[in-house]
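Subject: Structure handover

Hello,

Here is the structure for you to look over. My notes follow below it.

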Amino acid sequence: MSAAPDVHEEAALLSRVRSGDAQAYGKLLEPYSPLLHHLARRLRMPGVPVAEEELVQAGYIGLMRAAQRFDSDRGVRFITYAAAWALGEMRAALRAAFEAPEMKAVSMDAASPDGGRALRDILPGDGISEEAVELRLALSRLDAQQRQVIAMRYFEDRTQAEAARLMGSSQAQVSRVERRALDRLRALLS
């Protein structure tokens, strides 16, 4: 693996890419493979049938599209511009997985593991919005106890006292777990 190109080499490679040089694509994009793998690992969600490599490939598509549209006269490095394109393509791959018939049949209509409502009833709109994907990603990063409290409080409309009784803990403990979970969600979604 090679290091990211310097500004001058980057400009030359981008020029060659726009003229259709396939080798220039490889030289320009190959150094960003670790970034794509990192993003793919961050975006992976339990229960969503999208392999890390599929997300990485989607990221490469985003980088390729960015290479065609990048304007070096704007004063930013290519990767600053291209990372957003890569992330967008990866999120699109996740949305496509959510919208796949087998995923809708399994996940959208199935009750949550803790006996809550179906995901279809929880998420807004007819399809899966980008905000819903982001929320699912953030929820998947909470620990099991935090997810359970959030599910009871916000998806099942239970009070803290009811959640505490069901969990075999005190209302104060549920309050602390909920506060930590909400703080974590705010940090993840901001």
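α8 gives three residues to the lining of the second largest pocket, the largest share from any element. Bear in mind that this is a predicted model.

The pocket itself first. The second largest pocket has a volume of about 180 Å³. Four elements each give two or more residues to its lining: α3 (33-43), α5 (78-99), α8 (130-140) and α11 (171-189).

Which residues line the second largest pocket? From the N-terminal side, they are Arg42, Leu43, Leu87 and Arg91, then Glu134, Leu137, Ala138 and Arg141, and finally Leu188 and Leu189. By class, six of the lining residues are nonpolar and four are charged. Polar residues are absent from this lining.

Now the fold. How many helices and strands does the protein have? The count is eleven helices and zero strands. Read from the N terminus, the order of elements is therefore α-α-α-α-α-α-α-α-α-α-α.

Next, packing. The protein has 190 residues, and 36% of them are buried. Take the contacts between residues at least 6 apart in sequence: 59% of these join residues at least 24 apart.

Last, the surface. The accessible surface of the protein is about 10,600 Å². Carbon and sulfur atoms account for 52% of that area.

If you open one view, start with the second largest pocket and α8, which supplies three of its lining residues.

Best wishes

Conventions: Residues numbered from 1 in each chain as written. Predicted model: local features only at pLDDT ≥ 70, side-chain atom pairs only at ≥ 80, totals over all residues. Heavy atoms only, no water. 1 Å grid on protein atoms, 1.4 Å probe; cavity = no way out; pocket = protein on both sides within 12 Å on 5 of 7 lines; lining within 4 Å. Points joined across faces, edges and corners; volume = space filled by probe spheres on them. Nonpolar A, V, L, I, M, F, W, Y, C, P; charged D, E, K, R; others polar. Buried < 20%, exposed > 50% of the residue type's maximum accessible area, 1.4 Å probe, protein only. Contact = heavy atoms within 4.5 Å. Areas by Shrake-Rupley, 256 points an atom, 1.4 Å probe, with all protein chains shown as cover.
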